[in-house]
Amino acid sequence: MVKPKTEEEIELLRENAILVSKTLAEVGKTVAPGVSTKELNRVAETFIRDNGAIPSFLGFEGFPAAICVSVNDVVVHGFPSDYVLKEGDIVTADIGTLYKGYNGDSAYTFPVGEVSAETRRLLDVTKASLYKGIEAAVAGGRVGDIGHAVQSYVESFGFSVVRELEGHGIGREMHENPGVPNFGRRGQGPKLVDGMTICIEPMVNAGGRSVYLDRNGWAVHTADRSNAAHYELTVVVRHGHAEQLSTFDYIEKDPKINF
């Protein structure tokens, strides 16, 4: 059984979640044609450390960077590199922090300049599916309710949900129980309990749902090389409706950021 967090623990998680949210916005200000993905990593790591936290992805199970930067057909866990973003790309920043003994984790997919109408639709549907999942994260329900909400919404637009990867609980550890798949059936899976803290993170492919692991052992690509989008927020399960700890407001209320 998953132990719910105390209100004191939730406040520490909230501090991390807000820091991650602000870091995503700093990265968003940097995303533009001509910018390397390595520069996005530098901006994020500098901001996290300047705010007294640790980039928790750096060294996690051997991961070599402060954040995951995934471009176009990379679903998750891309390495920052010398790759230079170009007009029409999409790039996901997935960011984690460790502060006061607790973790933060959120992700956002940014368009680079102008993108195609189909790519724009992929981004909009994936983000909307995240909020559908959050709406289902209600005490007394089941984890399958979340997955069903995400999957049914995504598939109604002809896109595909990745099944090999999932959301997760969060607390003192980056990844805690329960796992939170983006597919499922209502009424199945672990029970959702008031005070449970989870990361909901739809990973959606424009084409088929099949993926493969890069030979670097980390980056996950779409098998058909179609674009993939990924949005993630940390929430607390509550009676009636979930409480968001992280937010996209710092991104979407900043006129300097293309989202």
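These are my notes on one sheet, the helix across it and the cysteines.

**Entry 1: the model.** I'm working from a predicted model, so I keep that in mind throughout.

**Entry 2: the sheet.** I wanted to know in what order the strands of the sheet run. I found 5 strands in an open sheet, ordered 8-7-9-14-15, with antiparallel pairing. Next I looked up which strands stand at the edges. They are strand 8 (176–180) and strand 15 (243–244); each has a single partner strand, so one side of each has no neighbour in the sheet. Note to self: strands of a sheet pair through backbone hydrogen bonds.

**Entry 3: one pair up close.** I picked strand 9, residues 197–200, and strand 14, residues 233–236. I counted 4 bridges between these two, in the antiparallel sense. Within this pair I found Ile 198 opposite Val 235 of strand 14.

**Entry 4: the helix.** What lies across strand 9, strand 14 and strand 15? I traced it to helix 3, residues 117–135. Against strand 14, I read an angle of about 15 degrees for helix 3.

**Entry 5: the cysteines.** How many disulfides are there? I got 0. For Cys 68, the nearest cysteine sulfur belongs to Cys 199 and is 13 Å away. Cys 199 is likewise in no disulfide, its nearest cysteine sulfur being that of Cys 68. A disulfide needs the two sulfur atoms within 2.5 Å, so I can leave that pair there.

**Entry 6: buried or exposed?** I checked Cys 68 and got a relative accessible area of 4%, so Cys 68 is buried. Cys 199 comes out at 0% relative accessibility and counts as buried too.

Notes
Residues numbered from 1 in each chain as written. Predicted model: local features only at pLDDT ≥ 70, side-chain atom pairs only at ≥ 80, totals over all residues. Heavy atoms only, no water. Pairing = 2+ DSSP bridges. Contact = heavy atoms within 4.5 Å. Axes fitted to C-alpha atoms, helices over the stretch in contact; angles between N-to-C directions. Buried < 20%, exposed > 50% of the residue type's maximum accessible area, 1.4 Å probe, protein only.
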